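Here's a quick walk through a fold and its ligand site. Have a look at the model first, then read on.

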Amino acid sequence: MPVAVYPGSFDPITNGHVDIIRRIQPILGEITILIAQHPTKKYLFTAEERKALVETSLKGVPGISVAIHQGLTVDYMREVGARVIVRGLRAVTDFEYELVMANMNKKLAPTIETMIVFASPEFYYVASSTVKEVAMHGGSVKGLVPPHVAQAMKDRFAEQKRAAQKQVSQKQAGPEVEAPAKPPAKKSLRSDKPKSKSHLSQYTHLKRRKS
Ligand code: ADP
């Protein structure tokens, strides 16, 4: 039974997340990383992909499980009997959001506590969104995310680029319309000027017949 749950988008997991988990695991023991799945939110990676990236990043860290959840974190926690929500805090800008979330969760489930952990100075500026932006433009994300996450982003953006290019070339080529039915063969030889091999054979045939 996990004592604590660390909920988030993890789209994708960064070294900032990994750092928080490695620091709190020895204190809390069993922790579930809860991958949020909101039907209206756009993610770079599917929930299953995000889960796999988290699992690989935390290989060897004891007491860690990873789950996907759609809905309220506190509902999941009641189901599994967890009591602590872990959240990370980077800048003042995070504070107001985390304060609202913590108080809302307290209102929904008074026995559940939120534990806020400060980001380590070296990961203070690391966020999934900025890391994605850097990777999208081909910048280096070395040291900001585990290497397999960097590779996964590179592959995904390359896929997206190829898909976008394909769309553009399809648009430029125009809509695919069925070739119009061939007009009936004209009687006049002048208008039956050969254009292709098949036309040529037809033309020579007519010519031969005429002569
Ligand atoms: P969410 O969409 O729920 O904010 P995130 O995956 O962005 O999901 O973040 C999950 C939690 O991890 C949040 O509490 C966030 O503040 C924290 N967090 C994100 N990046 C870092 C970081 N570099 N250092 C410490 N905590 C972080």
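## Sheet, helices and ligand shell

Let's start with a helix: α4, residues 92-108, lies across β4 and β5, and its direction runs at about 170° to β4. Keep in mind that this is a predicted model.

Now for the sheet underneath. It's an open one, built from five strands in the order β3-β2-β1-β4-β5, with parallel pairing. The edges belong to β3 (64-69) and β5 (113-118); each has a single partner strand, so one side of each is left without a neighbour in the sheet. Going from one strand to the next, the twist averages 30°.

Zooming in on one pair, β1 (residues 4-8) and β2 (residues 31-36) run parallel and are joined by five bridges. If you want a spot to click on, try Tyr-6, whose bridge partner in β2 is Ile-33. Helix α3 packs on the sheet too, touching β1, β2, β3 and β4.

Here are the two helices side by side:

| Helix | Residues | Strands involved | Angle |
|---|---|---|---|
| α3 | 73-80 | β1, β2, β3, β4 (84-89) | about 155° with β1 |
| α4 | 92-108 | β4, β5 | about 170° to β4 |

And the ligand? There are 16 residues around the ligand, and those that come nearest are Gly-8, Gly-16, Arg-87, Gly-88 and Ala-119. Which element gives the most to the shell around the ligand? That's α1, with three residues. Both α1 (15-28) and β4 supply at least two residues each. Sorted by class, the shell comes out as six nonpolar, seven polar and three charged residues.

Key:
Residues numbered from 1 in each chain as written. Predicted model: local features only at pLDDT ≥ 70, side-chain atom pairs only at ≥ 80, totals over all residues. Pairing = 2+ DSSP bridges. Helix = DSSP H or I, 4+ residues; strand = E, 2+ residues; numbered from the N terminus. Axes fitted to C-alpha atoms, helices over the stretch in contact; angles between N-to-C directions. Contact = placed C-beta atoms within 7 Å. Near = placed C-beta within 6 Å. Nonpolar A, V, L, I, M, F, W, Y, C, P; charged D, E, K, R; others polar.
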